[in-house]
Structure formats: C-alpha cells, structure tokens
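Reader: Got a minute to go through the helix packing in this one? Let's pull it up.
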Amino acid sequence: MSVRSYHKNYTAFMLMVIYFIFISAEVIFGLNALNGRTIPRRHGPAVGAWDSKNAESLIHYTVSKNYTILGWEFGNELSGSGVHTRVAASQYASDTVHLKNLVLDIYKSIEPKPLILGPGGSYDAVWFKEYLDKTPKSLDAITLHIYNLGSAADQHLVEKILNPTYLDGIAKTFRKLQNTIKGSASATSALAWVSEAGGAFKSGRDGVSNTFVYSFWYLDQMGIASTFDTKTYCRQSLIGGNYGLLNATSNDPNPDYYSALLWHRLMGRNVLGASFSGSNNFRVYAHCAKASKGVTLLMINLDGSSIFEVTVVGFDNSISVPRGFNNANMREEYHLTPKDGNLLSQTVLLNGNILGVSPSGDIPALEANYVNSSSSIVVGPHSIVFAHMPYHVIPACNV
C-alpha cells in the first residue's frame with residue numbers, strides 16, 4: 001500500500017490486584033530481581049543468585065485468592081549497563097529459569113498459567129542475546145524499556161518530538177531486537193514487548209508530556225513498534241508523573257489518553273505495509289481495522305504550515321464490501337488537533353469538538369466524521385488523523 005500526497009511492598013500490590021480484577025483488566029506484576037544479591041560497590045554489578053522466597057510467597061497468595069495473573073515480569077532495568085546496578089546475563093537467565101520452574105510448580109493444576117517476562121530494561125545486543133540463548137523454554141516475552149526522548153529536563157524536548165529524523169532513530173532498536181530474537185541460538189519463542197515507555201525519563205515534563213504534542217511521539221512510536229512485530233506496548237503510566245494518561249490531580253484524561261483509546265478501538269493486530277511519497281514530516285501507518293475487515297490508517301502531520309491531501313493507492317487485491325455493511329461508500333475520519341492550535345494545550349479536539357469528561361466522569365463518545373470514499377483525506381497542520389476504510393477488504397484482513 002502506498003499513500004500519495006499533494007502538498008497543499010506487597011499489601012499495596014495486592015490492593016492493586018483487587019482493583020484491577022474488579023475492572024476486568026489483565027494484570028502483570030514486576031518482581032524484585034535483586035532480592036538476595038549483594039552490590040559490593042556503588043553503581044557496580046549485583047552479584048549472587050536471586051532469593052525467590054518473597055516472590056514465591058506473593059505468587060502463592062494470588063493463587064490462594066483465585067486471582068488471575070497474566071504474567072510475572074522478572075526485574076526492572078538490570079540489563080546491559082543497568083540503572084544504578086546490573087546483573088550479568090548468564091545469572092539473570094539462570095534465575096529466570098528458576099522463576100519459570102517455580103511458577104510451573106505452583107500452577108501445576110491451574111490453567112491458564114501466567115507468562116514469564118523479562119528483563120524489563122534497555123536494549124543491549126550482547127546482553128539480550130546471551131539472555132535469550134540461555135532461556136530457550138522459560139521466557140514468553142522479552143521486555144524492553146524505552147525513553148528515547150531522553151531527560152525531561154531537556155529544553156529541546158518539543159523540537160525532538162517534531163523532528164522526524166529523531167523519531168525514526170528508535171526503529172534501529174526495534175530492528176536490532178527482532179534480529180536478536182530471530183538469531184537466537186536457542187530458537188526462542190519469546191515475543192517482543194515494550195513493557196515500559198514514557199518518552200522522557202524523570203517522570204516526563206509538565207507542560208509537554210501531558211499536552212497534545214506528546215501524542216506525536218506516542219502514536220508514532222506505537223506505529224514503529226508494530227511495524228517491527230512488537231506484540232504489546234505498555235505506556236508509562238496510566239496515572240502518575242507528568243507522562244500519565246490521566247491527570248494525577250483531577251484524574252481527567254490527558255490528550256494521550258484519547259490517542260490511546262482511538263488506537264485501541266481502530267487499529268487491529270495485523271500490520272500492513274504503508275509508504276508515503278512526500279515530506280518526511282508526514283507519517284503513515286496501516287493496520288487491518290479492528291471494527292471491520294477493512295483497513296485503518298494512522299496519519300501524523302508534524303508540519304505546522306502544510307496541509308496534506310492524501311490519496312490511498314495500491315488496493316488492487318481488495319474485494320467487495322461485505323453485504324449489509326452500512327455506509328459502504330463512506331470512510332470514518334477522526335481528526336485530532338490541539339485547542340486554539342496550541343501544541344502545548346492540555347485540551348484536545350476531535351473533529352473540531354472539545355473532548356472532555358461529563359460532570360459524572362463519563363468519557364465522551366468518540367464520534368467520526370463520515371466522508372465519501374472518493375475524496376482525498378485532508379490532514380491539517382500539526383494534526384493526527386485516523387481513517388477507517390471498511391470498504392477496502394484485502395486478503396490479509398479478510399480472515
């Protein structure tokens with residue numbers, strides 16, 4: 001598919017489990033992988049084997065309460081050079097195998113069994129390869145943390161977000177991770193996950209991470225991650241810090257919440273190839289649609305002065321729209337823009353209408369504009385557009 005443009009400590013954790021299960025969310029716990037180890041010198045490596053007693057007690061507790069845990073993630077930012085300390089890949093692998101055996105024993109008569117994930121840290125090619133090679137049947141997902149925007153204190157944070165070359169840089173990491181997985185000597189079945197991504201570390205920056213401009217980074221990175229077969233992407237955070245999807249004071253949604261919700265509702269799991277002939281400031285990603293057997297496009301215009309009129313081509317193998325589908329010749333468009341054109345606004349507009357919760361706290365309906373399929377998709381300056389095209393039913397999506 002191508003797109004053409006014409007330039008115009010424990011108790012607290014258990015309370016979280018009870019809450020999340022009540023709302024039917026899937027829960028993954030991060031386990032302390034430093035328990036039992038010693039750190040001989042400041043910022044030096046942690047040595048010794050993992051003491052699993054505390055983790056075993058927690059896992060037994062969740063089983064006794066019939067809590068369904070999707071997965072247990074082993075450790076936090078201890079891979080490669082780590083953050084403050086690190087653990088050698090060979091020792092980490094040995095401890096991961098121990099965790100897997102522990103979980104299999106505790107859950108021996110229980111289904112489904114939780115996933116084992118790790119290491120929850122920054123990518124290091126040598127470390128990740130050894131870790132994968134030594135956990136051939138113990139690891140379900142290899143988990144990555146990404147803060148590619150750097151420190152929240154960086155005065156050029158907005159410029160980075162609006163720089164397509166900078167945004168493209170993270171593709172190298174995703175590509176290398178996939179190569180590491182495919183080249184593993186153990187023929188691992190582990191899938192690639194991003195288990196933590198917040199853009200800028202140190203909790204993000206107030207006035208940037210909780211404003212419209214952050215959705216350029218967020219949606220673009222999810223698009224890139226999907227292109228490289230990343231199966232799960234976890235945002236840091238739902239609430240907490242300046243990069244939370246919810247405002248930590250009012251609990252009202254920040255702009256990225258609505259971006260995430262539209263992605264969730266519109267973008268299916270099958271990723272399609274998409275290319276664009278034109279400015280690198282225009283970004284495009286294509287997935288099989290979630291709500292139909294058609295296609296959804298995500299388009300991001302980083303340019304503050306240009307309008308792009310987009311024509312979609314390359315659907316020669318598409319088939320007819322399923323009989324009975326309403327508005328067969330119409331597409332759904334969702335245009336996201338900041339209030340008053342201010343990229344640092346905490347108020348986002350959908351198709352020109354302000355998105356905000358009701359007095360009772362209800363999320364607003366995310367209503368589409370219906371546009372004739374024969375017309376171009378007009379993507380305004382500094383805007384984001386989702387376009388759901390149910391009439392383009394291609395073989396890859398007709399399953």
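Reader: How do the axes of α8 and α9 cross?
Author: This is a predicted model. The axes of α8, residues 214–227, and α9, residues 255–266, come within 9 Å and cross at roughly 30 degrees.
Reader: So are α8 and α9 roughly parallel, or roughly antiparallel?
Author: Angles under 35 degrees count as roughly parallel. α8 and α9 are therefore roughly parallel to each other.
Reader: Right-handed or left-handed crossing?
Author: α8 passes α9 in a right-handed crossing.
Reader: Which residues of α8 and α9 make the contact?
Author: From α8, they include Tyr214, Tyr218, Leu219 and Met222. From α9, Pro255, Ala260 and Trp263 are among them. By class, the contact has seven nonpolar, four polar and one charged residues.
Reader: Switching pairs. At what angle do α2 and α3 pack?
Author: About 30 degrees, with the axes 11 Å apart. α2 covers residues 53–64 and α3 covers residues 89–106. These two helices, α2 and α3, are therefore roughly parallel to each other. α2 passes α3 in a right-handed crossing.
Reader: What meets what there, between α2 and α3?
Author: Glu56, Ile59, His60 and Val63 in α2 meet Leu99, Leu102, Val103 and Ile106 in α3. That contact divides into six nonpolar, one polar and one charged.
Reader: Now the core. Which residues of the largest nonpolar core touch the most other members?
Author: Trp72, Phe174, Phe216, Leu298, Ile384 and Phe386, out of 86 residues in that core. Helix α8 gives the most to this core, with eight residues.
Reader: And what does the second, separate core include?
Author: That core has 20 residues, including Val284, Ala286, Ile377 and Val385.

Terms used. Residues numbered from 1 in each chain as written. Predicted model: local features only at pLDDT ≥ 70, side-chain atom pairs only at ≥ 80, totals over all residues. Heavy atoms only, no water. Core = buried A, V, L, I, M, F, W, Y, C linked by side-chain atoms within 4.5 Å. Buried < 20%, exposed > 50% of the residue type's maximum accessible area, 1.4 Å probe, protein only. Helix = DSSP H or I, 4+ residues; strand = E, 2+ residues; numbered from the N terminus. Axes fitted to C-alpha atoms, helices over the stretch in contact; angles between N-to-C directions. Parallel < 35°, antiparallel > 145°, perpendicular 65-115°, else oblique. Left-handed = near helix turned anticlockwise from the far one by under 90°. Contact = heavy atoms within 4.5 Å. Nonpolar A, V, L, I, M, F, W, Y, C, P; charged D, E, K, R; others polar.
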